[in-house]
Structure formats: structure tokens, C-alpha cells
Amino acid sequence: MEFSREKRLKARLAGDRRGDLYPHSLQFYLQPPTENISLADFENFAIDRLKLLKVVENLGVSYVKGSDEYKSRLEREIRKLKFPFRALVEDDYDARRKDHISHFILRLAYCQSEDLRRWFIQQEMDLFRYRFNELNGDLVEKFLKYVNLSYGAISKEVKEKLAVQLLNSTPGLSGAKVEELEFYKVPLQDAMDLFRVRRVYLLNAFAYVPQTDIVAIVLNNFRTKLSKALALTARSLPAVQSDERLQPLLNHLSHSYVGPDYSIQKNIGKISLEHIDALSVKSFPLCMRQLHKALRDNHHLRHGGRMQYGLFLKGIGLTLEQALQFWKSEFIKGKVDADKFDKGYAYSIRHNYGKEGKRTDYTPFSCMKIILSNPPSQGDYHGCPFRHSDPELLKQKLQSYKIPPTGITQILELVKGMHYQLACQKYFQLTQDVDDIGFSLNHPNQYFAESQKLLSGGREVKKEPSEPESSQQKLSSQKSTNSCSIPISSNTEADTELEGLDAYFTED
């Protein structure tokens with residue numbers, strides 16, 4: 001049952017105790033929501049939070065966390081998606097409600113595997129860190145009480161008495177800074193990480209932690225609780241999945257893509273077969289460039305490659321007639337004669353275009369589908385090179401494509417951290433000669449479209465001013481080996497439809 005506007009209006013007239021549900025803009029998400037919402041809200045809330053977490057991941061790799069640029073871009077996205085963005089704003093019930101409900105929906109979707117849990121925890125922690133650092137001293141204390149962390153700020157008198165000890169035991173603080181900052185009295189067992197690196201003053205089994213470091217302790221507490229909660233959610237997931245309304249949504253939320261499905265070909269008929277070789281170098285993402293080269297070299301692709309590359313070519317504008325001509329002209333150069341192609345392969349291409357079988361208009365694969373499904377085996381060329389290639393082979397491939405050594409190092413660092421789509425974004429930057437691509441890359445056809453805009457002058461080239469910290473230093477300082485790139489989508493039918501297409505591509 002959905003809460004109606006009338007019921008909400010009555011609640012306001014009755015005294016509006018909604019603030020009791022969310023007294024603070026920040027929380028540990030300890031209590032699940034109990035209200036009923038519509039399936040539309042269920043999906044929309046979840047997709048908006050996925051968009052936000054994806055932005056958190058992208059910004060965390062592109063900028064130094066906590067820098068002015070990082071904070072301004074993240075606040076802009078939080079505002080746009082209507083999540084709580086300022087702790088001082090008290091009248092933001094709808095934003096707090098959305099924040100609460102959407103977090104628990106994604107728990108259901110992201111508890112299903114260790115990789116998903118790891119990614120979800122990392123992004124939620126980064127989002128939490130940003131929000132916590134936006135709190136002033138009074139709100140920090142209010143929040144600590146709200147989550148039952150008894151870390152009280154010491155009085156001015158105590159701070160003056162311990163000023164010398166606090167200054168000597170807390171690196172990087174001046175006397176004026178010690179006087180300005182709040183210090184919290186924290187049980188030693190909760191501050192062991194700071195104690196190990198000699199960053200706090202100890203007295204009678206308590207650590208005196210400055211406000212700048214209290215976030216590390218609170219984050220550790222948040223991570224522990226969230227990790228346990230995800231494990232418990234995974235155990236109860238079968239009961240939730242038995243609901244036929246939720247099961248399809250949850251199955252797709254963890255690896256879906258939000259954006260155009262590229263089934264509508266805006267450039268239909270505008271791509272010439274003679275130009276594909278040149279386009280593969282200028283505007284194809286690495287996965288499609290790899291497939292195109294393998295097809296030209298071997299005059300054949302196995303079914304996984306034909307599906308991935310064929311749908312991509314359909315998405316960039318190849319007509320059915322062009323596709324038949326393209327594949328036939330290449331296959332007959334190998335071991336397939338014209339008659340065998342017409343009998344064994346032409347049907348699957350027509351099926352691809354919705355002219356056979358169920359006549360479904362199949363859509364090109366998103367990055368997520370390529371990364372997470374049907375990994376390549378020996379003799380295959382499909383998949384994501386950043387996800388499925390050996391790092392040394394990937395390095396050699398990038399060198400052969402004239403990627404500069406510094407760029408290769410940056411890409412390999414992203415791959416090592418399992419940021420596969422961000423590695424592809426870096427490849428885009430290096431091959432298209434831009435410093436800020438201005439979008440989050442989630443689809444091979446998106447890569448092609450954005451490249452064509454740049455080459456045709458339809459998109460402004462963004463060059464950022466040089467910063468004192470190099471990109472490599474950013475990658476080193478923000479390196480997180482515990483997270484992976486997960487794209488997002490709302491197209492829940494496409495993957496199901498594609499399952500039926502596999503049967504038509506099984507012949508090698």
C-alpha cells in the first residue's frame with residue numbers, strides 16, 4: 001500500500017511528528033523502514049542511489065577525496081538527486097526518507113556476492129565520510145549521541161589543562177589549531193588504529209581524538225555494522241526473492257545500466273562499411289576494437305564475439321543489409337563458404353535485428369553485461385579487456401596502440417583496483433586527448449557516440465587547468481583495492497530477452 005498525499009497532509013495537521021523518524025540527516029541505517037511504498041518508488045529510489053554511489057566512485061578516483069573540487073561536485077550531484085546534502089537543513093524529511101529507504105533497497109541487491117558487498121560498502125563509506133565531515137561541532141556531538149557512541153567533547157578547561165600533551169601527541173596541529181578544534185574522549189579500544197600510528201594522546205585508558213580524526217573511528221564503526229548487516233541480509237534474501245514482484249528488480253539492480261539502450265538507431269544507414277576500419281581506431285572502445293581486429297585477422301568470431309560486436313554495430317547505425325554484407329564478406333575469406341553462411345549465420349543476424357523468431361528488437365550490451373556475464377575462454381575475443389585480460393597482455397596491447405607510458409600506468413592502477421569502467425574512461429581521455437570527459441561511461445555505444453561528437457566538433461573539449469598533484473599521485477592516494485566498477489540500469493527486459501538470443505549464436 002502506498003502512502004497517499006492525503007494521509008501525509010493529515011499527519012502534518014496532526015502535529016507532524018515526521019521529524020521523529022529522521023532526527024538527523026546522517027545515520028547508520030540500523031532500523032529498516034516499515035512503511036509501504038509503491039513498486040515505482042521502490043525502483044526509482046534504488047536507481048537514484050545507484051547513480052549517486054557511481055558518482056561517489058568516479059569522483060573518488062578522479063579527485064582527491066575531501067578536496068574542494070571533490071566536495072563541490074559531490075554536493076551538486078546530491079542536490080540533483082534530492083538526497084540530504086546539508087546537515088543544517090532540518091526541513092528535508094522527503095530527502096531523508098528517500099536516503100533511508102534507498103539504502104535498504106540496495107542492501108537487498110548488493111548482498112548477493114562478495115564483490116557486490118565490497119563495492120557497496122566502499123561507496124557507502126565514502127558517501128558517509130563526506131556527509132560527516134560537513135557537520136559542525138554541535139551536530140557531530142548530536143549525531144554521536146543519536147548512534148549511541150558515547151564520545152563526548154572535552155570541556156574548554158580540560159583542553160587548556162592538556163594543551164601541551166595534545167599538541168605534542170597529535171601530528172600536524174599547531175597551538176592555535178589545538179585551541180580551535182574539538183577533542184573527543186574515546187575509549188582506547190575504539191581508537192586502536194590511531195594509537196598504533198601514535199596520533200592520539202592517551203590518559204587513563206582513553207584516547208583524546210581531534211575532530212579531524214574522529215571520522216576514522218566513526219567510519220570503522222559504520223563499516224563493521226554495515227558488513228554484519230549485509231551478511232544477515234544475504235541469509236534472509238531467499239524469502240524476499242520469493243516475492244515475484246521484487247525478485248526481477250533485485251536481480252537486475254546490482255548490475256543494471258541507466259541510460260539510452262541504443263536500440264533506436266539515430267545514425268541508421270549513415271555508417272559506411274568502408275569507414276569501419278578507421279572508426280575502429282578513432283571511436284571504438286577497446287573491447288570493440290579488439291573484436292574488430294580479431295575478425296579482420298581471423299575472418300571469424302565465435303558466438304560470444306558475434307553477439308557482442310554485432311549488436312554494437314547495430315547500435316552505431318549499421319542496417320540489416322549492411323550487417324549481412326559485412327559479416328558475409330569477412331567470413332567467406334576464411335573457412336566459411338557463401339552457402340554455409342546463408343544457411344548457418346544469416347538467420348542469427350536477422351534475428352538480431354528483430355526479423356526472425358520472436359521479432360524482438362535486441363539492444364547492444366552495456367558495460368556491466370560485458371563485465372559480469374559470459375567471460376571469454378580460449379579462442380574467444382569478447383568480454384572487457386580491462387576485466388578479462390592478463391595485465392601484462394593488456395599493457396602490451398595499450399603499447400601497440402601508442403598509449404603513453406604514464407597513461408598505461410594509470411590504466412593498470414585502475415584495473416588493479418577493479419575500476420574497469422574508469423579504466424575505459426581513462427582510455428577514452430588518452431585516445432581522444434581530453435582531460436575531463438564530462439560523463440560517466442557505462443556503455444560501448446555511449447563511448448562511440450561521445451567520440452563522434454568530439455571528432456565532429458559537436459561537443460566541447462574540456463581541458464582542466466594543471467594541478468600541483470599529478471593524476472598518478474591521485475590514483476596512488478585514492479587507491480582502493482576493495483572496490484570495483486559496477487554500472488547501473490533500469491532496462492530490466494533486455495537481459496531476459498538476450499537469453500533467448502544465445503541459442504541462435506551457438507554455432508562456431
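This briefing covers an annotated cysteine site, a capped helix, a strand pair and a histidine in a loop. The model is predicted. An unreviewed UniProt entry lists Cys287, Cys367, Cys384 and Cys424 under "binding site". These residues are spread over 138 residues of sequence, yet they cluster in space, with a largest C-alpha distance of 9.8 Å.

**Annotated cysteines**

- Cys287 lies in helix H14, which covers residues 286–298.
- The relative accessibility of Cys287 is 9%, and Cys287 is therefore classed as buried, the cut-off being under 20%.
- Beyond its neighbours within four places in sequence, Cys287 is in contact with Gln308, Gly383, Pro385 and Pro444.
- Cys367 belongs to helix H19, residues 367–372.
- Cys367 also counts as buried, because its relative accessible area of 13% is under the 20% limit.

**Helix H21 and its ends**

- Helix H21 spans residues 391–400, and Asp390 caps its N-terminal end.
- In this cap, a side-chain oxygen of Asp390 lies 3.0 Å from the backbone nitrogen of Glu392.
- Just after H21, Lys402 adopts a positive phi of about 65°.

**Strands E1 and E3**

- Strand E1 consists of residues 183–187, and 4 of its 5 residues are buried, so the strand is largely enclosed by the rest of the structure.
- E1 pairs with strand E3 (residues 206–210) in the antiparallel sense, over 5 bridges.
- Within this pairing, Tyr184 stands opposite Val209 in E3.

**His24 in the H1–H2 loop**

- His24 sits in the loop that runs between helix H1 (5–13) and helix H2 (39–62).
- With a relative accessible area of 5%, His24 falls under the 20% cut-off and so is buried.
- The His24 side chain reaches the backbone nitrogen of Leu26 at a distance of 3.1 Å.
- Apart from neighbours within four places in sequence, the residues in contact with His24 are Arg96, Leu135, Leu139, Lys142, Phe143 and Tyr146.

**Points to carry forward**

- For the annotated site, the record names four positions, Cys287, Cys367, Cys384 and Cys424, and the entry is unreviewed.
- Two of the listed cysteines are placed in helices here: Cys287 in H14 and Cys367 in H19.
- Side-chain contacts to backbone nitrogens include Asp390 to Glu392 at 3.0 Å and His24 to Leu26 at 3.1 Å.

Definitions and conventions. Residues are numbered from 1 along each chain as its sequence is written. This is a predicted model: local features need pLDDT of at least 70, side-chain atom pairs count only at pLDDT 80 or more; totals for chains, interfaces and linings use all residues. Side-chain values use heavy atoms; hydrogens and water are left out. UniProt positions are given in the numbering used here, feature names are shortened, and annotations may be inferred rather than shown by experiment. Helices (H or I, at least four residues) and strands (E, at least two) are DSSP runs, numbered from the N terminus. Buried means under 20% relative accessible area, exposed over 50%, partly exposed in between (1.4 Å probe, protein chains only). Contact means heavy atoms within 4.5 Å. A polar contact is a pair of N or O atoms within 3.5 Å; within protein, one must be able to donate a hydrogen and the other to accept it, and residues adjacent in sequence count only if both atoms are side-chain atoms. Two strands pair if DSSP finds at least two bridges between them.
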